Each structure stands twice: as C-alpha cells, then as structure tokens.
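Work through the exercises below with the coordinates open. Try each task before reading its solution.

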Amino acid sequence: MKDVIEIRWAALETWKEGAGRDEPVSERTGVPEAAGKKSPSLSARVRQGRRLSLLGRELLAEILLEKYGIDLPREPAPIARHPLGKPYLSGHEGLYFSISHSACWAACAVGRIPLGLDIQYRKKKKTELLAARILSAQEYAIYETAGDREFCFYDFWVKKESYLKYTGEGIRRDLRTVTGEDGRFFFLPQMIPDCAAALCVPAGWDGVLQITEKASGNV
C-alpha cells in the first residue's frame, strides 16, 4: 500500500470586520476583496491571524484523530519546536505536519515523511520588484517570459516557502539561493480558489496525496 499524505483546507466564516492577513475580506462572500480598497487595521489583521492559526490547528487535530487515532487536545504537550523553530508532534516523531494560511484560508498536511506545505493568495499586484529580490537568475528568466508573470511569481514563492518548511530552516538566507533541488514538489493550483499552493517532500517519494475541503471554520 502506498504512503498517503492527507491535506485538508478550509476558509474562515465571514469576517465582518474586514480583516485579512493579506487582503480585506468581503462580507458577502467571505473571500478577499479586490485590490485598491482600504487595508484592515493592524488589530483586525492580528485577530484574523489568530483565527487562521486556530483553524490550522483544528485541521491538524481532525486529521490526527480521523487518520491516526490521536486526540490532540488531550495530549499534555502535543506540539514542540526544533531549535530553528519548526514545529513537530511531541511523542509522535514518526508523523510530520505543516500548516499554512493566507487571506481567509488555512491548510494542513500530515504524513509519515518530512514535508512542507505553503499556500499564498494571488494578490492583484505587480511583482517585478519582489521577483528580482527572491528569484535566482534562471528563475527570473522563466518569470520574464511567462505569459502570466504574477501567476508564475506566486508558484515560485510557494515552492521556496514549502521547501524551507520542509527543511525546517525558515527564511534565514537569500531566497535567490533556495531552489530545492533535493526535494520533490507538488503544485496544487486547483486546491484553493485564487491561491497558489505547493507541497514539498523528499525526492523519490512515491505516495498518494489525499486532499479534502472542510466546511468553513468558525473559530
């Protein structure tokens, strides 16, 4: 039987104060509003970030209970951190997880191999300056000739972020040097509307991804 990585994602229920980590959220749809409108206040963004963190933790707890019989809330100290800050399941070192959130979405991946998951809302903005700062010369050449530069940029962004989550090093070096040759990447363009998403696992892994959308989270 092939190894399975479970990925689960959800959107927050409507955030009426208009707080989004990356963009304001529409009262009507609960998804980011068009660019150009006034950004939410800092306190609103902080509250939104906390809710997204709770939602990510909720997704993790659901996967662990349903797939592995682990009741996370009952664990005495369920999550610890490696020296560089990467979280891991205390007492269940054979399992690995990664949580990511952006705008009004959160996602979590759990499996029996080291992994890193990253999602990023595709903002409607020019990306040339950021691309020059984070892409290698080879990557920038691909970006320059892409039919949709913004789409291409966010795919590179989540690739780099997912790799750094996979290794556990975080953003501690020039992103132009992060190319991820020793990892295997799964790009998930259809997983979350308007988001880039990538999963990084060890090179040579030959398992199955199981992706599930959960009902909107009320946290």
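## Exercise 1: a loop residue

Thr127 sits in the loop between strand 6 and helix 2 (128-134). The model is a predicted one.

**Task.** Decide whether Thr127 is buried or exposed, and list what Thr127 touches beyond residues up to four places away in sequence.

**Solution.**
- Step 1. Take the relative accessible area of Thr127: 1%.
- Step 2. Apply the cut-off: buried means under 20%. Thr127 is therefore buried.
- Step 3. Leave out residues up to four places away in sequence; Thr127 then touches Tyr143, Arg149, Glu150, Phe153 and Tyr154.

## Exercise 2: the overall layout

**Task.** Find how many helices and strands the protein has, and in what pattern they follow the sequence.

**Solution.**
- Step 1. Count the elements: four helices and nine strands.
- Step 2. Read along the sequence: β-α-β-β-β-β-β-α-α-α-β-β-β.
- Step 3. Look at burial: 47% of the 219 residues are buried.
- Step 4. Check the contacts between residues at least 6 apart in sequence: 61% of them join residues at least 24 apart.
- Step 5. Turn to the surface. The accessible area is about 11,300 Å², and carbon and sulfur atoms account for 51% of it.

## Exercise 3: strand 1 and its partners

**Task.** Explain why strand 1 (residues 4-11) is called largely enclosed. Then work out which residues pair with Glu6 in strand 9 and strand 5.

**Solution.**
- Step 1. Seven of the eight residues in strand 1 are buried, so the rest of the structure largely encloses this strand.
- Step 2. Take strand 9 (residues 208-213): it runs parallel to strand 1, joined by six bridges. Here Glu6 has Gln210 as its bridge partner.
- Step 3. Take strand 5 (residues 105-111): it pairs with strand 1 in the antiparallel sense, over six bridges. Here Val110 stands opposite Glu6.

## Exercise 4: the nonpolar cores

**Task.** Identify which residues of the largest nonpolar core touch the most other members, and which elements give two or more residues to this core.

**Solution.**
- Step 1. Recall the general trend: in soluble globular proteins, nonpolar side chains tend to be buried together.
- Step 2. The largest nonpolar core has 23 residues; Ile5, Ile7, Trp105, Met191, Ile192, Leu199 and Val201 touch the most other members.
- Step 3. Strand 1, strand 5, strand 6 (116-121) and strand 8 (195-202) each give two or more residues to this core.
- Step 4. Another core, of 19 residues, lies apart from it; Ala131, Ile134, Cys152 and Tyr166 are among its residues.

Key. Residues numbered from 1 in each chain as written. Predicted model: local features only at pLDDT ≥ 70, side-chain atom pairs only at ≥ 80, totals over all residues. Heavy atoms only, no water. Buried < 20%, exposed > 50% of the residue type's maximum accessible area, 1.4 Å probe, protein only. Pairing = 2+ DSSP bridges. Contact = heavy atoms within 4.5 Å. Areas by Shrake-Rupley, 256 points an atom, 1.4 Å probe, with all protein chains shown as cover. Core = buried A, V, L, I, M, F, W, Y, C linked by side-chain atoms within 4.5 Å.
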